[in-house]
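Grab a coffee and open the viewer. Below are some short exercises, each with a worked solution to check yourself against.

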Amino acid sequence: MEIGYARVSRGDSQDIDPQLRALRDAGCDPIYQEEASGGRADRPELARAIGALRPGDVFVVWCRCQR
């Protein structure tokens, strides 16, 4: 199973839709998502996603690299 995780920063007017689209296109199901500051350590949906992982699963995140 491929489990996806998407996050945008709170208050930065970021759009999570491109991440969700890419994760769906990659075959992820389920996809966990949240809005949280990058500096915060408490991310309940990330913890849930990691907790859902079983041997053989793949954890997928989307990254937009900036140069």
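Before we start, a word on labels: helices (H or I, at least four residues) and strands (E, at least two) are DSSP runs, numbered from the N terminus. Keep in mind that this is a predicted model.

**Exercise 1. Locate the cis peptide bond, then look at the backbone just after α1.**

Step 1. Find the bond: aspartate 29 and proline 30 are joined by a cis peptide bond, with omega at about 15°.

Step 2. Place it: proline 30 sits in the loop that runs between α1 and β2.

Step 3. Check the backbone just after α1, where glycine 27 has a positive phi of about 90°.

Step 4. Put these in context: most residues other than glycine have a negative phi, and most peptide bonds are trans.

**Exercise 2. List the members of the largest nonpolar core and say which elements supply at least two of them.**

Step 1. Collect the residues: the largest nonpolar core is made of 7, namely Ala6, Val8, Ile16, Leu20, Leu23, Cys28 and Val60.

Step 2. Assign them to elements: β1 (2-8) and α1 (17-25) each contribute at least two residues to this core.

Step 3. Zoom in on one member. Setting aside residues up to four places away in sequence, leucine 23 touches Gly4, Tyr5, Ala6, Cys28, Ile31, Val60, Val61 and Trp62.

**Exercise 3. Work out which residues of α1 are buried, and why they can be said to line one face.**

Step 1. Pick out the buried ones: in α1 these are Gln19, Leu20 and Leu23.

Step 2. Look down the axis of α1: the buried residues fall within an arc of 95°, so they line one face of the helix.

Step 3. See what they pack against: the partners of the buried α1 residues are β1, β2 (31-35) and β3 (58-61).

Step 4. Take glutamine 19 as a test case. Its relative accessibility is 7%, so glutamine 19 counts as buried, the cut-off being under 20%.

Step 5. List the contacts of glutamine 19, leaving aside neighbours within four places in sequence: Ala6, Arg7, Val8 and Trp62.

**Exercise 4. Compare two residues of β2, isoleucine 31 and tyrosine 32: is each buried or partly exposed?**

Step 1. Confirm the location: isoleucine 31 lies in strand β2, and tyrosine 32 is found in strand β2 too.

Step 2. Read off the accessibility. Isoleucine 31 has a relative accessible area of 23% and is partly exposed, whereas tyrosine 32, with 12%, is buried.

Step 3. Go through the contacts, again skipping neighbours within four places in sequence. Isoleucine 31 is in contact with Gly4, Leu20, Leu23 and Arg24. Tyrosine 32 is in contact with Ile3, Gly4, Tyr5, Ala6, Glu45, Arg48, Ala49 and Ala52.

Step 4. Add a distance: tyrosine 32 and leucine 46 are 14 residues apart in sequence, and their C-alpha atoms are 7.1 Å apart in space.

**Exercise 5. Tour helix α2 and find the salt bridge.**

Step 1. Count the salt bridges: the structure holds 1.

Step 2. Identify the partners: the side chains of arginine 48 and glutamate 45 meet in a salt bridge, at 3.1 Å from N to O.

Step 3. Check the spacing: both arginine 48 and glutamate 45 lie in helix α2, 3 residues apart, which is about one turn of the helix.

Step 4. Move on to alanine 52, also found in helix α2. Alanine 52 is partly exposed, at a relative accessible area of 23%, and its contacts beyond four places in sequence are Ile3, Tyr32 and Asp57.

Step 5. Now isoleucine 50, another residue that lies in helix α2 (residues 44-52). With 46% relative accessibility, isoleucine 50 counts as partly exposed.

Step 6. Look for its surface companions: Ile50, Phe59 and Val61 form a nonpolar patch on the surface, and together they have about 250 Å² of accessible area.

**Exercise 6. Describe the surroundings of tryptophan 62.**

Step 1. Place it: tryptophan 62 is found in the segment after β3.

Step 2. Classify it: tryptophan 62 has 35% relative accessibility and counts as partly exposed.

Step 3. Name the contacts. Not counting residues up to four places away in sequence, tryptophan 62 touches Tyr5, Pro18, Gln19, Ala22 and Leu23.

Step 4. Finish with a long-range pair: tryptophan 62 and arginine 7 are 55 residues apart in sequence, and 8.9 Å apart in space from C-alpha to C-alpha.

Terms used. Residues are numbered from 1 along each chain as its sequence is written. This is a predicted model: local features need pLDDT of at least 70, side-chain atom pairs count only at pLDDT 80 or more; totals for chains, interfaces and linings use all residues. Side-chain values use heavy atoms; hydrogens and water are left out. A nonpolar core is a set of buried Ala, Val, Leu, Ile, Met, Phe, Trp, Tyr and Cys residues joined through side-chain atoms within 4.5 Å. Buried means under 20% relative accessible area, exposed over 50%, partly exposed in between (1.4 Å probe, protein chains only). Contact means heavy atoms within 4.5 Å. The arc is that of the directions from the helix axis to the C-beta atoms. Patches are made of residues with over 30% relative accessible area and no salt bridge: like charges are joined within 9 Å, nonpolar side chains (Val, Leu, Ile, Met, Phe, Trp, Tyr) within 5 Å. Accessible areas come from the Shrake-Rupley method with a 1.4 Å probe; for residues, only the protein chains shown count as cover. A salt bridge is a side-chain nitrogen of Lys or Arg within 4 Å of a carboxyl oxygen of Asp or Glu.
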